[in-house]
Structure formats: C-alpha cells, structure tokens
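Visitor: I've got a chain up on the screen and would like a quick tour. Could you take my questions one by one?

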Amino acid sequence: MTDRLQQALLRIRPDVRAAHAYAVQPSAGVVKLDIMENPFRLPPELQRELGERLGAVAINRYPAERTAELAAALRMHAGVPSDVGVTLGNGSDELIGLLTLAVAQPGAVIVSPTPSFVIYQMCAEHQRLNFVGVPLRSDDFELDEAAMLAAVERHQPALVYLSYPNNPTGNLWDAASIERIVAAAPGLVVMDEAYQPFASSDSLALMARHPHVLVMRTMSKFGLAGVRIGYLLGAQQLVEQIEKLRPPFNISVLNAEAALFALEHAEVYAAQAATLRAERERVFEALKTLPGITPWPSQGNMILARVGDAAATFAALRARGVLIKNVSAAHPLLANCLRITIGTPDENTRLLAELPECL
Ligand SMILES: Cc1ncc(COP(=O)(O)O)c(C=O)c1O
C-alpha cells in the first residue's frame, strides 16, 4: 500500500475500518430460503406488461411527482387516512438510517428488544448512539415487559424499535405489553411491520391512539425485495422531519413505476401471501414431527428452529442445495438456531425431504 493510500485510510473512522460489510450469502443454483424473500415472480403476462411500463418511463429525468403518487398509493394500500404522513425509503433499511440520523444528538439512546433486526443496532453505531438491547424471554421470545419498562425509564430513549412480527423469531408480541411500553416511551416508537403481509394483526390502531408511534412497512416481503421501497407512516409533524433528511431522489423512477404497477395488481400479491401463510403452517407442522429440531410458531414468512448443531445442519443442507440462515452467532438466545424462509410449495417440500438427513 502506498503512503498516500495509507494516510487516506487513516482518515476513515477506526470503528468503520474495524467493521465488516453486511454479508450476502452466495446463492446461485440453490433453493434460496435464507432472507425472507417472496419466492414467487409475476405471471409472464404481467412481466411483459411491466416491461412495457418501465420501457416508457422517462429515465432521462430525475424522479418527480411519481414518487409522491407512490407515497399516496401506499397510504391508500395501508388504509390510513389522508392526513397521516408518509415518506419513502430505498427499502426500510434506508428509513432506519434516516430515523437514527434524526435522533442523533449527544447522549441519545435507542432501545430495542434483542434478538431483533440487526440494522437497528448497526445504524445506531454508525451515528455513535447508545444502543440498548433488552433480551427477550428465553423460552418463547416474548417481550420481557418489566425489563423493557425499566430500560425506557432508565434511558429515556429517543427511539424504540419494535419489530412486529419480530425478525428472526417470527412472533407477534403481546399487545397489552406493547401498549404499556408505548405509553411509557418519551420519544419515537417505530413499529417495524416488514412482515405485515403474513401477520394476523398490525399496529395502525396503536398509531392512531399514540401520536409518537410510527409504522414502518416495506414492499420487500410483499414481493418486491429487488425494487427497494420502504415507507414510514405517522403523524405529519414527525414524518416531515424524516422527509427533510431523505436524499431528494432516493426513489428511482423505475422503482416507483414498478411499485405502482405492483399495487395495481395487489390481488396477485395477496394470493401469494395467502399461499405463503398456508405453507408456513404446513412446514411448521412438519418440523414439529421431526426429531432433533424444535420450531417456534411464526407470524412471518420464516420459521426459527433450534437444532443440536446448527453449523452442521446448515452446512449439510447447503451441500444438498438448500440455503437457509444460521443465526446462532447473532445473539446468545439464538444458540443453535436456524432461520428458514418459507419458499414455494415445491421448495418447502424439498427442504422437508432433505432436512431429516441433516439433523
Ligand atoms: C424487521 C425488518 N425490518 C426491515 C427490513 C428491511 O427491509 P427492506 O428490504 O425494506 O430494507 C427487514 C429485512 O429483512 C426486516 O427483517
């Protein structure tokens, strides 16, 4: 390395130099059940129609009104009143970054139950904020309400994240506990509803009762993970502040058009989600009967399960062409846990056929 390059590198924050980039597992040619994607593509005639729509988009222009039209269409899709604020992110990941930036004052604390979505902590660390993770109950991954209330009381967090359902545990936490935590929280509370298409309840009524609650959703699990559209709903006065931090053209014209097209065909995606919910129950019931694996019930499009040796089971399945996620190292409560994304019926059948030999 040249001296100039060395000098330049030393100007990068030491914690950034010491960090690792988010790793995406290689997945060419395998049954991909690792990161909660919707396994279904659009039917061929809709693919053609979408191609024509995208071909006609003015990609020579910066994004303009179409972004606002998408925001309005998403508000309609969620069924919230028109006075609810909405802003868009290049995936919820970007919104989490913007929310973190918005509260990044000296001494600010972010609280979330753990294990949960890793990006909450990652973004807090990027802004040098204190992240306080409150362990879930070890047997059922339910909120430890007393510990959450104590953390809120002690740290007065600027921001609380509740992933509802939670990733990677898949469960919906107790609504009464959430209500009490929300009532105690002095700052923003973000209900992260990435898995809402697969869940039996949502937080829109909670948001209507508490003006400091924001609901964050994404089109990723709906079926557009590659398109990168996340959205944040809530009180105009709060959402406006996030909007100020949003890079002006963060939503590409192609992404906006593809998302609008998908919303025009929401019934296709609703049918896919229904299939995935039914498949989730089929896979869960099948896993329950297998010796050597303990699955937890899920309201997402994934199932968390504990095995005897997660690394060995993961590797054996991988060798048989099925890619899942070994989440064991993410948190002590996840020791020997695997997270299995629900795929197409054929993919799930393949998983269930290969798995017994890998346990
Ligand atoms: C709880 C949760 N929130 C947000 C996201 C990020 O979604 P997006 O693809 O919109 O960035 C994920 C992705 O897995 C997630 O699990």
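Visitor: How many helices and strands are there in the chain?
Guide: Before counting, keep in mind that this is a predicted model. Going by the chain's secondary structure, the tally is 15 helices and 13 strands.

Visitor: What is the radius of gyration of the chain, set against the globule rule?
Guide: The globule rule gives 21 Å for 359 residues. The chain comes out close to that, so it is as compact as a globular protein of that length. Its C-alpha atoms fill a box of roughly 60 × 55 × 55 Å along the principal axes. The radius of gyration itself is 21 Å.

Visitor: Among contacts between residues at least 6 apart in sequence, what percentage join residues at least 24 apart?
Guide: Here you set aside pairs that sit fewer than 6 places apart, then ask which of the remaining contacts span at least 24. For this chain the share is 73%.

Visitor: And what percentage of the residues count as buried?
Guide: A residue needs under 20% relative accessible area to be called buried. The chain still exposes about 16,600 Å², with carbon and sulfur atoms supplying 56% of that. Of the 359 residues, the buried share is 50%.

Visitor: Is Thr-100 buried or exposed, and which residues is it in contact with?
Guide: Thr-100 belongs to helix α5, residues 92-102. Its relative accessibility is 0%, so it counts as buried. Skipping neighbours within four places in sequence, its contacts are Ile-110, Cys-123, Ala-124, Gln-127, Leu-129, Leu-159 and Tyr-161.

Visitor: Cys-123 caught my eye in that list. How many disulfides does the structure hold?
Guide: Cys-123 is buried, at 9% relative accessibility. Cys-337 is buried too, at 0%, but the closest cysteine sulfur, in Cys-358, is 17 Å from its own, which is too far for a bond. To count as a disulfide, the two sulfurs would have to be within 2.5 Å. The number of disulfides is 0.

Visitor: Where are the cis peptide bonds that lead into Pro-115 and Pro-168?
Guide: Most peptide bonds are trans. Pro-115 lies in the loop between β3 (109-114) and α6 (118-126), while Pro-168 lies in the loop between β5 (159-163) and α8 (175-184). Omega is near 0° for the bond into Pro-115 and about 15° for the one into Pro-168. The cis bonds run from Thr-114 to Pro-115 and between Asn-167 and Pro-168.

Visitor: Met-36 has a positive phi although it is not a glycine; is it buried or exposed?
Guide: The phi of Met-36 is about 55°, and the residue sits in the loop between β1 (31-32) and α3 (44-55). With a relative accessibility of 3%, Met-36 counts as buried.

Visitor: What about Asn-336: what is its phi?
Guide: Asn-336 is in the loop between β12 (325-326) and β13 (337-341). At 29% relative accessibility, it counts as partly exposed. It isn't a glycine, yet its phi is positive, at about 60°.

Visitor: Which residues make the nonpolar surface patch?
Guide: Start from Val-16 in helix α2, residues 14-18. Val-16 has 42% relative accessibility, so it counts as partly exposed. The patch covers about 460 Å², and its members are Met-1, Leu-5, Leu-9, Ile-12 and Val-16.

Definitions and conventions:
Residues numbered from 1 in each chain as written. Predicted model: local features only at pLDDT ≥ 70, side-chain atom pairs only at ≥ 80, totals over all residues. Heavy atoms only, no water. Patch = residues over 30% accessible without salt bridge, like charges linked within 9 Å, V, L, I, M, F, W, Y side chains within 5 Å. Areas by Shrake-Rupley, 256 points an atom, 1.4 Å probe, with all protein chains shown as cover. Salt bridge = Lys/Arg side-chain N within 4 Å of Asp/Glu carboxyl O. Helix = DSSP H or I, 4+ residues; strand = E, 2+ residues; numbered from the N terminus. Buried < 20%, exposed > 50% of the residue type's maximum accessible area, 1.4 Å probe, protein only. Contact = heavy atoms within 4.5 Å. Rg over C-alpha atoms; globule rule 2.2 N^0.38 Å.
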